[in-house]
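Good morning, and thank you for coming. Today I shall present one structure and follow how its sheet is put together. Please look at the model as I speak.

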Amino acid sequence: MDTETFRAAVQALGVTLTDQQLAQFAHFYELLIDWNQRMNLTAITDKAEVYLKHFYDSLTIIPELRSLNEAHTLLDVGGGAGFPSIPLKIAMPDLQITVLDSLKKRMTFLDTVIEELGLTGITTVHGRAEIVGRDKHYREQFDVVTARAVARMTVLSEYCLPFVKLNGAFIAMKGSKGESELVQADKALQVLGGQTLHDRTFELPGEEGARHIITVQKTKATPKKYPRKAGTPNKQAIGETEN
């Protein structure tokens, strides 16, 4: 995917990128490749592939964001390489974004990207979702919470839904297993206060295999016992091994 193809693809999502924004994407790519030589950020380094599988793919949730009544604040859980947070911030500069990740060195990378690209209204938080999700400064404070390539849907729901405001949305960016994961997560969503609104499927240009963008509305407060202590959601997922 070259720059003009990227611009046109993003236009189809409802966003017109300026030359300055395209320059920010180019700079982000350079920083990603530079830092990737020193730490494991991505296995994808070819420029065309990065623009397609990281930059464009990150922006595919824009239609969902645009469809929501309130989408001013967004939390990206486990987004340490900057996906989808940095592409979203470049394309939608008015969106207030927080990025949460448990690995400090990835936060250092993101802080550098934010400074180098001159981005404002985006902050990083170092910590585990299970711990930060119990902090009153973050719990049920976001209009939208999203995650990309972090965990299966059952586990991801426990990581993300505690951060979502009542009537806000949890948007999961999933691969080809999204449909089956959503079925397995039905009990967890009910327990955590979520209700599935829709599951949109699509394919990236030139790629095989469906992508799923699953939008869940927060219809009731998440019980105080969730998220459980660090490591428990993955070992004992709600509705899988215990309730």
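Let me begin with a definition: two strands are said to pair if DSSP finds at least two bridges between them. Please note also that this is a predicted model.

With that criterion, strand S1, residues 73–77, is joined to S4 by three bridges, and the two run parallel. Within this pair, leucine 75 faces valine 145 of S4. S4 is also linked to strand S5, residues 164–174, by six bridges, again in parallel. Here valine 144 lies opposite alanine 169 in S5.

How many residues of strand S4 are buried? Seven of the seven, from 142 to 148, are buried, so the strand is largely enclosed by the rest of the structure.

Let us now widen the view. The open sheet has seven strands in the order S3-S2-S1-S4-S5-S7-S6, with mixed pairing. Strands S3 (122–126) and S6 (194–202) occupy the edges; each has a single partner strand, so one side of each has no neighbour in the sheet. From one strand to the next, the twist averages 20°.

Towards the S3 edge, five bridges connect strand S2, residues 96–101, with S3 in parallel. Leucine 100 has valine 125 in S3 as its bridge partner. Helix H6, residues 104–117, lies across S2 and S3 and runs at about 170° to S3.

Helix H8 packs on the sheet as well, where H8 touches S1, S4, S5 and strand S7 (211–218). Its direction makes about 145° with that of S5. Finally, S4, helix H8 (residues 153–160) and S5 together form a right-handed β-α-β unit.

Conventions
Residues numbered from 1 in each chain as written. Predicted model: local features only at pLDDT ≥ 70, side-chain atom pairs only at ≥ 80, totals over all residues. Heavy atoms only, no water. Buried < 20%, exposed > 50% of the residue type's maximum accessible area, 1.4 Å probe, protein only. Helix = DSSP H or I, 4+ residues; strand = E, 2+ residues; numbered from the N terminus. Right-handed = clockwise from strand over helix to strand, strands pointing away. Axes fitted to C-alpha atoms, helices over the stretch in contact; angles between N-to-C directions. Contact = heavy atoms within 4.5 Å.
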